[in-house]
Amino acid sequence: MRDYLECQAYVGHLRREHKRIHESLVVVERELQDSDSPSEGNGIRAGLTRLRETLVGHFEQEEQGGCLEEAVCCDPRLSGEVSEIGKQHPRILHLLDRLLKRADDCRTVDYRESFRQFAKVVHAHEAAENRILHTAFGTGQFEPNDSPSALGE
């Protein structure tokens, strides 16, 4: 087992990353709730673009090593789960790209439901990362992200 402070640094970093992602999701959700005119698609598109940039940066960090790689070093049994998380990245970005292409439809119930489903996929991805860190770095050192969500999660 790694030093407690070293583990906390990894956990803290991932929490900050997840908070940024969560905040980006909430911004888009609010935009969707407020969208009444055809020009609102531009605001949704801008929010989704910022979300994509945040996710790409997060995924690149994961793929280059860091928190999850350190978790596998602590508990090699987690390597399969970490590998599966990495395989989700292209799918998540593909779903987001589909939402970006359809941003002009942001006022429809179908679009809003598609975004909510996308947000659930992202939250599930984050929850899997949280479980891995919790397993690797020990009980009591990490509680999964329990921040309230405007998305109803």
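Author: Quick definition before we start: two residues are in contact when they have heavy atoms within 4.5 Å. Also, keep in mind that this is a predicted model.

Reader: Fair enough. Which residues does Phe118 touch, leaving out those up to four places away in sequence?
Author: With that 4.5 Å cut-off between heavy atoms, we can just read off the partners. Once residues up to four places away in sequence are set aside, Phe118 touches Leu25, Leu51, Leu55, Ile92, Leu95, Leu96 and Leu99.

Reader: Let's step back to the fold. What pattern does the protein chain follow along the sequence?
Author: The secondary structure comes to five helices, with zero strands. Reading along the sequence, then, you get α-α-α-α-α.

Reader: And what share of the contacts with a separation of 6 or more is between residues 24 or more positions apart?
Author: Start from contacts in the protein chain with a separation of 6 or more. Those joining residues 24 or more positions apart account for 79%.

Reader: How much of the protein chain counts as buried?
Author: A residue is buried when its relative accessible area is under 20%. Of the 153 residues in the protein chain, the share that passes is 41%.

Reader: What about the surface: how much of the exposed area do carbon and sulfur atoms supply?
Author: The protein chain exposes about 8300 Å². Of that area, carbon and sulfur atoms supply 50%.

Reader: Now the inside. Which helices each supply at least two residues of the largest nonpolar core?
Author: That core has 21 residues, and the members touching the most others are Leu25, Leu48, Leu51, Leu55, Tyr111, Phe115 and Phe118. The helices that each give at least two residues to this core are H1 (4-34), H2 (40-63), H4 (79-101) and H5 (109-137).

Reader: How many residues are in the other core, the one with Val72, Val82, Ile85 and Ile132 among them?
Author: This core lies apart from the largest one, and its members include Val72, Val82, Ile85 and Ile132. Its count is 14 residues.

Reader: Any empty space in there? Which element gives the most to the lining of the largest cavity?
Author: The count comes to one cavity of 30 Å³ or more, with about 30 Å³ of space in the largest cavity. Its lining is made up of Ile21, Leu55, Phe59, Ile92, Val122, His125 and Glu126. The elements giving two or more residues to it are H2 and H5. With three residues, the top contributor is H5.

Reader: How does that lining split by class?
Author: Glu counts as charged, and Glu126 is one of the lining residues. His is polar under the same scheme, and His125 is in the lining too. The full tally is five nonpolar, one polar and one charged.

Reader: Is Glu17 buried or exposed?
Author: Glu17 lies in helix H1, and it touches His58 and Gln61, not counting residues up to four places away in sequence. Its relative accessibility is 6%. The cut-off is under 20%, so Glu17 counts as buried.

Reader: And how far apart in space are the C-alpha atoms of Val26 and Ala119?
Author: Val26 sits in helix H1 and, at 8% relative accessibility, is buried. It is 93 residues away from Ala119 in sequence. C-alpha to C-alpha, the two are apart by 9.4 Å.

Reader: Which residues does Cys67 touch, not counting those up to four places away in sequence?
Author: Cys67 is found in helix H3 (residues 67-74) and is buried, with a relative accessible area of 10%. Its C-alpha is 9.6 Å from that of Ile132, 65 residues away along the chain. Not counting residues up to four places away in sequence, Cys67 touches Tyr10, His13, Leu14, Leu133 and Phe137.

Reader: Last one: what is the relative accessible area of Gln88?
Author: Gln88 belongs to helix H4. Its C-alpha is 9.7 Å from that of Phe59, with their positions 29 residues apart in sequence. Gln88 is partly exposed, and its relative accessible area is 29%.

How values were computed: Residues numbered from 1 in each chain as written. Predicted model: local features only at pLDDT ≥ 70, side-chain atom pairs only at ≥ 80, totals over all residues. Heavy atoms only, no water. Helix = DSSP H or I, 4+ residues; strand = E, 2+ residues; numbered from the N terminus. Buried < 20%, exposed > 50% of the residue type's maximum accessible area, 1.4 Å probe, protein only. Areas by Shrake-Rupley, 256 points an atom, 1.4 Å probe, with all protein chains shown as cover. Core = buried A, V, L, I, M, F, W, Y, C linked by side-chain atoms within 4.5 Å. 1 Å grid on protein atoms, 1.4 Å probe; cavity = no way out; pocket = protein on both sides within 12 Å on 5 of 7 lines; lining within 4 Å. Points joined across faces, edges and corners; volume = space filled by probe spheres on them.
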